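Okay, thanks for making room for me this week. I'd like to walk you through a model, so let me put it on the screen.

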There are 2 protein chains.
Amino acid sequence: VINRFAFIGAEAGTWRVTSQKALSGEALDEISHLDIVAFQSDVSRAPGNWPLIGAKSNLRYTTRTELNSLRSRQEGLGRPQATRAALIPLRKSAAWWDLSQDERRAIFEEQSHHSAIGLDYLPAIARQLYHCRDLDEPFDFLTWFEFAPEHTRHFDNLLERLRRTREWSFVEREVEIRLERAIHG
Amino acid sequence: VINRFAFIGAEAGTWRVTSQKALSGEALDEISHLDIVAFQSDVSRAPGNWPLIGAKSNLRYTTRTELNSLRSRQEGLGRPQATRAALIPLRKSAAWWDLSQDERRAIFEEQSHHSAIGLDYLPAIARQLYHCRDLDEPFDFLTWFEFAPEHTRHFDNLLERLRRTREWSFVEREVEIRLERAIHG
């Protein structure tokens, strides 16, 4: 099993970029298309730019009760009607990572309701988190979302709610890339 | 800041191997010396063998109360008298990683007392954990310990206690390498 995936910005690809903006911190070089492929080996690249690498990993905060709720409602990636996507690379501050596990959990859920907010948008918004802090990447997370065009406003609302939380006060770099499916499997 | 480190087995190096054994699962190619250096780039190697790569990362289970106890007693790596070391690469089962965060925490501490056991051996045994599951490595963790020769029995006892815990029933591969300092800084 390969855990790491490469997010490749290129001239052509499965997903076409419709918008790209930096919300916090430094921007990323603009790309026109994106593909997500299993990681092969470290490639030469400008520091802090494309491709981005992230790993599917175990859950870090979710309790069994929350997990059962999420699993009973969520749907997978690759649904034919889910022709819209978003890639949101995020980095949190050193202050976040210096917290103990119980302190991070309390901010993540008891104060910011991260899982509970996500649950409100299931099954419309499908989601996959990739971790990259341990990979010496320029971000800590790459979050990937897929949804149907008619759920775009739902997705906008999800982001607005998350960005108002206390958890987001620890976000020091955030880029938002919106995409639409260019190649239909 | 580079988070990843390479554990390089070679013919010469800072640490000389005094014993190497597989406790669970497959063995690792035997080495005579070991160096730990900042990771540069992926090197060609036989799958599942040297060098091993691991990343210093954030805490995954430790609460603020536990962290304060540990920090008040622990000492750092590189003490002149700490001329003995151990490298213990570990992999846990898929069943472990499929658990929710609260289930893993309960096994780790409330049932297995992992941090509490470690605390009993401070400051004699210094320790650094490296994570490697997200790096597609053959192990999930590389644990590095340093201690003075007169604390070798303490260290043996620490390992015996940890290996009797419920947490260890999830360990599916474990190699133990004992070392002594060959080059004095």
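I'll take the contact between the chains, then the symmetry, then some backbone details.

Ground rules, quickly. This is a predicted model, so local features need pLDDT of at least 70 and side-chain atom pairs count only at pLDDT 80 or more, while totals for chains, interfaces and linings use all residues; side-chain values use heavy atoms, with hydrogens and water left out. Residues are numbered from 1 along each chain as its sequence is written, and chains are lettered from A and ligands numbered from 1 in the order in which they are written.

Right, the interface. Chain A puts 31 residues into the contact and chain B puts in 31 residues, where contact means heavy atoms within 4.5 Å. People often quote the size of an interface as the accessible area lost when the parts come together. Here the two chains, A and B, bury about 2500 Å² between them, with 36% of it on carbon and sulfur atoms. That's the accessible area, with a 1.4 Å probe, that two parts lose on being put together, summed over both. On chain A's side, A:Asn58, A:Asp134 and A:Asp136 supply 24% of the area buried against chain B, more than any other three residues.

Now the polar side of things. There are 6 salt bridges between chain A and chain B, taking a salt bridge as a side-chain nitrogen of Lys or Arg within 4 Å of a carboxyl oxygen of Asp or Glu. One to click on is A:Asp134 with B:Arg60, at 3.1 Å, N to O.

Which elements of chain A give two or more residues to the side that touches chain B? They're helix 1 (64–73) and helix 3 (101–111). Helix 3 of chain A gives the most, with 4 residues. Helices here are DSSP runs of H or I, at least four residues, and strands are runs of E, at least two, numbered from the N terminus.

Let's zoom in on B:Thr63, in the loop between strand 4 (52–55) and helix 1 (64–73) of chain B. Is B:Thr63 buried or exposed? Buried, since its relative accessible area is 16%; the cut-offs are under 20% for buried, over 50% for exposed and partly exposed in between, with a 1.4 Å probe and protein chains only. Leaving out residues up to four places away in sequence, B:Thr63 touches A:Ser100, A:Asp102 and B:Arg105.

On to symmetry. A turn of 180 degrees and a shift of 0.0 Å along the axis lay chain A on chain B with an RMSD of 0.0 Å. That's how a two-fold axis relates them. The superposition is least squares on the C-alpha atoms of residues with pLDDT of at least 70 in both copies. And the same surface serves both: 100% of the contact residues of chain A recur in chain B.

Last bit, the backbone. Most residues other than glycine have a negative phi, and most peptide bonds are trans. In chain A, the bond from A:Leu122 to A:Pro123 is cis, with omega near 0 degrees. A:Pro123 is in the loop between helix 4 (114–119) and strand 6 (126–131) of chain A. In chain B, B:Trp50 and B:Pro51 are joined by a cis peptide bond, omega about -10 degrees.

For phi, look at A:His113, which has a positive value near 55 degrees and is partly exposed at 40% relative accessible area. B:Asp136 also has a positive phi, about 55 degrees, without being a glycine.
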